[in-house]
Amino acid sequence: MNTSRPYGYLWTGQSACFDADGAEIPCPGSGQDAEFRLGRAWPAPRFKEEPAGCVLDRLSGLTWTLDANPGELPMTWAEALDLAAAMNRERAFGFADWRLPNRPELRSLICHQSRKPPLPQRHPFRGLMQTWYWTSTSAAINPDHAWYVNMAGGRMFFGRKDESFLVWCVRGDGNGAIPASGQEACFDAVGAPIPCSGTGPGTGQDGETKHGRAWPTPRFEDRPPGVLDRLTGLLWRQTADFTGGPVHWPEALAAVADMGRRNDDNNCWRLPNINELESLVDCSAHSPALAAGYPFGALHDVYWSSTTSFFEPDWAWALYLNKGAIGVGRKAGALFHVWAVSEPTLTVM
């Protein structure tokens, strides 16, 4: 793994490569996520179990409840926020700063080399259920929905706030490893905008707490033929449609690898891993879910990543850019578009 620079995003955890049929193959020359293993390296051990039912994630600096289901039963989004507030009133486990994790925080636990659950091997958590877990982040495209993460395969989508899912609480400010989501506003259960804080207790929503590394201003900087994301240090092709149309996954890898071999502009272009793609998402925006003033052209809805779905290795992860969701597609289908990335800088703002 390349650890020579202060990565502005996390390693996915993927350490094996797979062909379009899901069979494991050697990684060298594949162009896949596990060949490069880019992103902030995980410490060993990653988790440290602490007294009184808490676990420190040494990668993010966040502290989670050891019990991954402190609410015991599925609950609505409003009830999930209330549970965190109740834990603070009761000083659960000796602390009064528990909260529902935002979208980047909950997703930071996902390991793309694991399934059922998609967490790092030898994690210490107990009571984890293989279902959906709420975040504190509303879905910009449908504010009566909130983002959740699936703890069987690792997908990230959004559900209606009046539906019932599980809750896992977190505390701490982290160590800057996880960027903020970009969400600035708060919404009630039917999607109406509300004040994030007032004279009484706050909402506990992502738009109020804004936990995570702050975004630089401006976030994007033109560096033809690419655009530098100053939050992560990644250089993205300004034209976000390298193949001129949807392709199947092997073709996506081959097309970007061919460009990398030609090296026409002295940038080592490659297909991004799923954490790199997800890092582009601004949770305050939709259609596309990119920060205001983005300079990209030829945008499409769905983009292939170089990361295989370990849940079903004949599928690969993809970013649904209009919604900001993370899902999968069958590798053999000419389904998604290609957006190339490179790494021109050693500085993360």
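**Pocket, cores and charged pairs**

α2 gives the most to the lining of the largest pocket, contributing eight residues. Keep in mind that this is a predicted model.

Trainee: Let's stay with that pocket. Which residues lining the largest pocket are the closest to its centre?

Mentor: The pocket holds about 420 Å³ of space. Two elements give two or more residues to its lining, α2 and α4 (206–209). The lining counts 23 residues, and the closest to the centre are L81, A85, G202, T203 and G204.

Trainee: Now the inside of the protein. Which element gives the most to the largest nonpolar core?

Mentor: Nonpolar side chains in soluble globular proteins tend to be buried together. Here the largest such core has 55 residues, and those with the most contacts inside it are W64, L106, Y133, M151, W168, W236 and W339. Elements giving two or more residues to this core include β6 (132–139), β7 (142–150), α6 (274–278) and β17 (325–330). The one that gives the most, with three residues, is β17.

Trainee: How many residues are in the other core, the one that lies apart from it?

Mentor: Start with the members you can find in the structure: C54, A80, W132 and C169 are among them. This core lies apart from the 55-residue one. Its count is 18 residues.

Trainee: On to charges. How many residues apart in sequence are the parts that D97 and R171 tie together?

Mentor: D97 forms a salt bridge with R171, with the closest N and O atoms 2.6 Å apart. D97 sits in the loop between α2 (77–89) and α3 (103–107), while R171 is in strand β9 (residues 170–171), so the pair ties together parts separated in sequence by 74 residues.

Trainee: In that pair, which side chain is buried and which is partly exposed?

Mentor: Buried means under 20% relative accessible area. D97 has 33%, which makes it partly exposed. R171 has 15%, so the buried one is R171.

Trainee: And R160 with D162: which of them counts as exposed?

Mentor: Their side chains meet in a salt bridge, 2.8 Å from N to O. Exposed means over 50%. R160 has a relative accessible area of 39%, so R160 is partly exposed. At 51% relative accessibility, the one that counts as exposed is D162.

Trainee: What is the N to O distance in the salt bridge between E221 and R223?

Mentor: Both side chains are partly exposed: E221 has a relative accessible area of 31%, and R223 has 35%. They meet in a salt bridge, and its N to O distance is 3.2 Å.

Trainee: How many salt bridges does the count come to?

Mentor: Side chains of opposite charge can pair when their charged atoms come close. Some are linked in a network, made of R270, E276 and E343. The count of salt bridges comes to twelve.

Trainee: Last one, D229. Which side chain does a polar contact of 2.8 Å join to D229?

Mentor: D229 is found in strand β13 (residues 226–229), and at 0% relative accessibility D229 counts as buried. Leaving aside neighbours within four places in sequence, D229 is in contact with R219, F220, L234, W236, S279 and L280. The side chain joined to D229 by the 2.8 Å polar contact is R219.

Technical notes. Residues are numbered from 1 along each chain as its sequence is written. This is a predicted model: local features need pLDDT of at least 70, side-chain atom pairs count only at pLDDT 80 or more; totals for chains, interfaces and linings use all residues. Side-chain values use heavy atoms; hydrogens and water are left out. A nonpolar core is a set of buried Ala, Val, Leu, Ile, Met, Phe, Trp, Tyr and Cys residues joined through side-chain atoms within 4.5 Å. Buried means under 20% relative accessible area, exposed over 50%, partly exposed in between (1.4 Å probe, protein chains only). Helices (H or I, at least four residues) and strands (E, at least two) are DSSP runs, numbered from the N terminus. A salt bridge is a side-chain nitrogen of Lys or Arg within 4 Å of a carboxyl oxygen of Asp or Glu. A polar contact is a pair of N or O atoms within 3.5 Å; within protein, one must be able to donate a hydrogen and the other to accept it, and residues adjacent in sequence count only if both atoms are side-chain atoms. Contact means heavy atoms within 4.5 Å. On a 1 Å grid over the protein atoms alone, a cavity is a set of points where a 1.4 Å probe fits but cannot get out, and a pocket is an open set with protein on both sides within 12 Å along at least five of seven lines; lining residues have an atom within 4 Å of a point. Grid points are joined across faces, edges and corners, and a volume is the space filled by probe spheres set on the points.
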